[in-house]
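Trainee: I have a new model open and I'm not sure where to begin. Could you walk me through how to read it?

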Amino acid sequence: MEILKYGGIAVIAVGAVALLIFAAKTKRFFKTLLLNAFLGIAVMAIIDLTAKFTGVHIPVNQYTVACSAVFGIPAVCLFLILPIIFK
């Protein structure tokens with residue numbers, strides 16, 4: 001299990017660096033990062049608000065909010081897929 005922990009941290013770090021590189025290549029660096037963070041948190045909030053009707057639930061804690069703010073919509077999709085993978 002330790003390898004999964006450190007492997008996950010490494011994947012998150014590489015993804016964050018890639019996101020920063022892609023955002024730096026655009027002419028609007030901060031606007032890109034803020035839009036990505038806003039969209040990730042907004043999608044997570046919408047999924048959480050509709051959980052009663054759809055049965056899909058993402059636990060809201062500091063890790064899920066931070067990942068959805070840094071990685072945006074792909075992180076929220078990952079949070080939806082992970083329970084299916086580990087069942």
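Mentor: Let's begin with surface. Accessible area comes from the Shrake-Rupley method, using a 1.4 Å probe. Keep in mind that this is a predicted model. Here the protein chain has an accessible surface of about 6700 Å², and carbon and sulfur atoms hold 78% of that.

Trainee: How many helices and strands are there in the protein chain?

Mentor: You'll find 5 helices and 0 strands, so reading from the N terminus the elements go α-α-α-α-α. The C-alpha trace spans about 40 × 35 × 20 Å along its principal axes.

Trainee: What share of the 87 residues is buried?

Mentor: Buried means under 20% relative accessible area. In this chain, 17% of the 87 residues qualify. As for contacts with a separation of 6 or more, 50% of them link residues 24 or more positions apart.

Trainee: Let's take one helix. Which residues of α2 are buried?

Mentor: First, its extent: α2 covers residues 29-49, and its 21 residues reach 30 Å from first C-alpha to last, close to the 30 Å expected. The buried ones in α2 are Asn36, Ala37, Gly40, Met44 and Ile47. They sit on the same side of α2 because they cover an arc of only 100° around the axis. Now look at the face turned away from that buried side: Phe30, Lys31, Leu34, Phe38, Ile46 and Leu49 are exposed there.

Trainee: And what covers the buried residues of α5?

Mentor: The cover includes α2 and α4 (62-71). The residues being covered are Ala75, Val76 and Phe79. Helix α5 itself runs over residues 73-85 and reaches 19 Å, close to the 18 Å expected.

Trainee: At what angle do α2 and α5 pack?

Mentor: To read a packed pair, check the angle between the axes and the gap separating them. For α2 and α5, the angle is about 35° and the axes are 7 Å apart. On the α2 side, Leu39, Gly40, Val43, Met44 and Ile47 take part, meeting Ile73, Val76 and Leu80 of α5. Sorted by type, the residues of this contact are 7 nonpolar, 1 polar and no charged.

Trainee: One last residue: is Thr64 buried or exposed?

Mentor: Thr64, in helix α4, has a relative accessible area of 8%, so Thr64 counts as buried. Leaving aside residues up to four places away in sequence, Thr64 touches Met44, Ile58, Pro59 and Phe79. You've already met two of those names: Met44 is among the buried residues of α2, and Phe79 is one of the buried residues of α5.

Note on methods: Residues numbered from 1 in each chain as written. Predicted model: local features only at pLDDT ≥ 70, side-chain atom pairs only at ≥ 80, totals over all residues. Heavy atoms only, no water. Helix = DSSP H or I, 4+ residues; strand = E, 2+ residues; numbered from the N terminus. Expected span 1.5 Å × (residues − 1). Buried < 20%, exposed > 50% of the residue type's maximum accessible area, 1.4 Å probe, protein only. Arc of directions from axis to C-beta. Contact = heavy atoms within 4.5 Å. Axes fitted to C-alpha atoms, helices over the stretch in contact; angles between N-to-C directions. Nonpolar A, V, L, I, M, F, W, Y, C, P; charged D, E, K, R; others polar.
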